[in-house]
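Dear colleague,

I am passing on the structure we spoke about, together with some notes on what was found in it. Please have the sequence and the model open while you read.

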Amino acid sequence: MPPKPTTLISLGFLLLLLRTLCHAHPDCPKTSPLVNLEAEFKMLQHQLRGSIKILDDCSFKVSNFDMLSGSDVHWWGAVAPDFNILTAGFVVSDQKLNQTYKSASFTVRLRDNVTWDQIQVLAVWDLPTSSDFGHILLQDVINRSSDLAPSPSPASDSGNGTGQAHTEPTMLVNCKSLSDSFRIRWTLRPEENVIDIGLEAATGSTNYMAFGWATPKATKQFMLGADVAVAGFDEEGMPFVNDFYITKYSECTQYKDGSVKGVCPDTMYQGSAPNGLVNNTRLVYGHRRDAVSFIRYQRPLESADQTYDVVVNHTEKMVVIWALGPIRPPDTLQPYYLPQNHGGPQDVAYGYLQLNVSEHVDDCYGPIDAQDKEDQHLIIANAKAPLVVTSGLAVHYPDPPNPSKVLYINKKEAPVLRVERGVPVTFSIQAGHDVALYITSDPLGGNATLRNTSETIYAGGPESQGVQASPKELIWAPDRNTPDLVYYQSLYDQKMGYKVQVVDGGLPDMYNNSVILDDQQVTLFWTLAHDSLSIAVRGEKKSGFLAIGFGRGMVNSYAYVGWIDNIGKGRVNTYWIDGKDALSVHPTYENLTYVRCRSENGIITFEFTRPLKPSCGKSDKPECKNIIDPTTPLKVIWAMGATWSDDHLSDQNMHFVTSSRPIRVLLMRGSAEAEQDLQPVLAVHGFMMFLAWAILLPGGVLAARYLKHVKGDGWYRIHVYLQYSGLAIVLLALLFAVAELRGFFFGSLHVKFGTMAIFLVCMQPVNAYLRPKRPNNGEQVSSERLMWEYLHVIGGRSAIVVGFGALFTGLRHLGDRYGGENVGGLNWALIVWFLICAVIVIYLEYCERQRRDRSVGRSNWVLGNLEEDDSVDLLSPNGLHSEKESRTSGRMEVQLEPLNR
């Protein structure tokens, strides 16, 4: 037995009562005059749509709520919509909105300390960026003299049977999805012979949206003879809509006889008319938000233009057509925006369907989500052209709310600025003395410290201000440590600027040096700072992980591994490897900063910065011994594999390809070169130093010590020639090493020994030049002469000792840093040579003692002086005795010795 109508009415009323009681809070009164108020959100960002109804003093109901997700979104209240007051507002509910909403309905409860009389603006607010996604001005409702319920708007509809009334231009009664990126919304008002249409599409700012009715006579090729509206945005971002008629599948063309064919505006067929009888589409509203175009317009159901307009029979199904595509702006030959060929597949770039506009339709579920939501003007910085920064009125600021004056760059209002790491950017600041430009990590600007918030300033400051007559130049060079997103703002006011996208302009631009490692499958980039080393590693083939190591081989090396984990996040870990199996790979905890890892088409690139000397104190951890000496080559190896794990490594994580040999990289070199083997110049350096310190200079010392008994000045000549030859070779070898290493650095023990030895040996010629005059026969040796002899002898012998130390430390340096293959043999050879020299010295010293002992026991009758004569000037051209030449008379020296037979 069917239920009675009265029973159904009673059940419906009971359900409505229960629903109202469920939404209203049982303990909350209804004393506020705003109770039962219904209002719609004004869309500002994130495709926010919906309406609210205030249930009581503590809660409100949200219906048909659409919104793209934000970062930290809350319900926000303020006492006025002004920029400064709105940004100083407050959170009104503990409910967060950190998700995408699709036609959602729910109830929101106010905080206990919040009442409706404190709220004149109710907004959806993103806290980190102080962004207003959409709001309702309750104050406008309060000031109404009529009933609190919203009065029917001109866009209200009575022909669909829905009874809805909308006050916001983005809200219409019906919605139909034409494709994934194109929707049509409409509200029918047949009593006024009007239909309001809203076109909404995720398309480019220079593209058109077209919608209209096909002629009822068409059975195929529905676009021919169709009456369509073409909508879009001009170069200034202002919306437009025009009435078009299609006579040919081509762009509108005007022929010599004055006729036109193609997709042409009605006014080109008939000319314009002041009463709008030809172009009978009327623009109501338009905006672009989040790369989604929305344009609302009106058109009559039945137009007076019977030739180029199609009568819309709102009670029957009719064929409608639509399209998306590029549009050609006006030029000197034609004053219209003309659509080009849509150029895409059916149901994506164009289509048709049957539609009865009197039937209620709502198959638009949730907001349109464009892939690239950044729709603001984009300016790409050029190192050769300065960016002109001015200020002006805000017209299309992309992140409301905003002050009335904002920054312009190259005459573009608050554009997105894209810069490349490693490429300097020059700003010519002409925005006025009340605007100080700076680059900051804070999205609001205006000096974050005034809000008790921290920020990082990358460039600019109070001094970065100027006017057109006297601009201020600011140069900013973003580096590899600059975040991907920063902001250009004014130091004195919030939200005058916008985003700066910092992109990798190519690793060669970001790093000072680069080298291709062994087998040409991995490229190493680096920049050396005072106390740190920044490194980037890029593979040249696809892999699951990429690793480099510092050491002679994979065993006993410090490894850095970059890979993408299971959730798509790039990771870089450090390890100490002391074996060839998975158990020999030990994690370390190096102090890595500015770590990044990414994979593009399977090619892994990772970056990091590490200190040259770990700050571990006296710890015995392996990473504390990973010290990098920039003055010596760094041995680098690499490996690639299929998979890597943060823990529980196994043999499956081992590499499938690795370098065949280590590469020696000179970090101090400005050029991008790798050391394959020991450089020949350094080998010559070592040989020359051995020749000087192990043969020539010691030979000169031995000549002065053991050849003085030889008649004449032969010992003196040998001494001077050997010493000057050794000194010349030492200086030449030093120049070879400095040229090879591109500098002179005191980091290693070998350099310290060598520097001291060279200093001592260079002091010997100076000391010899300043020697006091030797005493004549029978004269007492002066104290100056005695002091000089001690300094000369001690300095020379000390130079030899320190020089031998430089030779030994040089070989040790060769083994530790350069990995010389015969270092051990060279060390033993040097030791043997040193022992041979020691034996020779001992033998010569023994002979000298024997000679002196024999001289003491014989009778020496000497005419003249048998001591050494150091007055010979070996540097004079003729090599004569300078003192003897000054004497007026020469004399012969005769030595008489007894004959012992």
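How many bridges join strand S30 to S31, and do these strands run parallel or antiparallel? In this predicted model, strand S30, which covers residues 437-440, is joined to S31 by three bridges, and the two run antiparallel. Within this pairing, Ile439 stands opposite Ala459 in S31.

Both strands belong to an open sheet of six strands, ordered S24-S28-S34-S33-S30-S31, in which the pairing is mixed. Strand S24 (378-380) and strand S31 (457-460) stand at the edges and have a single partner strand each, so one side of each is left without a neighbour in the sheet. From one strand to the next, the twist averages 25°.

The disulfides may be of interest for your bench work. The count comes to four, and, with bonded cysteines counted along the chain, they follow the pattern 1-2, 3-6, 4-5, 7-8.

Cys28 and Cys58 form one of them, with their sulfur atoms 2.0 Å apart, and the torsion about their S-S bond is about 90°, so this disulfide is right-handed. The pair links distant parts of the chain, 30 residues apart, with Cys28 in the loop between helix H1 (5-23) and strand S1 (38-40) and Cys58 in the loop between strand S3 (49-54) and strand S4 (59-67). Cys28 is buried, at a relative accessible area of 8%, and Cys58, at 18% relative accessibility, also counts as buried, because the cut-off for this class is under 20%.

Cys175 and Cys364 form another disulfide, with their sulfur atoms 1.8 Å apart; here the torsion about the S-S bond is about -90°, so the disulfide is left-handed. This pair links parts of the chain that lie 189 residues apart, Cys175 being in strand S10 (residues 174-179) and Cys364 in the loop between strand S23 (350-355) and S24. Cys175 is buried with a relative accessible area of 1%, and Cys364 is buried with 6%.

Cys252 and Cys264 also form a disulfide, their sulfur atoms being 2.0 Å apart, and with a torsion of about 105° about the S-S bond it is right-handed. Cys252 and Cys264 are both buried.

Finally, on the surface, Met756, Phe759, Met763, Val766, Tyr769 and Leu770 make a nonpolar patch of about 670 Å². Of these residues, Tyr769 is found in helix H8 (residues 749-769) and counts as exposed, at 71% relative accessibility.

With best regards

How values were computed: Residues numbered from 1 in each chain as written. Predicted model: local features only at pLDDT ≥ 70, side-chain atom pairs only at ≥ 80, totals over all residues. Heavy atoms only, no water. Pairing = 2+ DSSP bridges. Helix = DSSP H or I, 4+ residues; strand = E, 2+ residues; numbered from the N terminus. Axes fitted to C-alpha atoms, helices over the stretch in contact; angles between N-to-C directions. Patch = residues over 30% accessible without salt bridge, like charges linked within 9 Å, V, L, I, M, F, W, Y side chains within 5 Å. Areas by Shrake-Rupley, 256 points an atom, 1.4 Å probe, with all protein chains shown as cover. Salt bridge = Lys/Arg side-chain N within 4 Å of Asp/Glu carboxyl O. Buried < 20%, exposed > 50% of the residue type's maximum accessible area, 1.4 Å probe, protein only. Disulfide = S-S within 2.5 Å.
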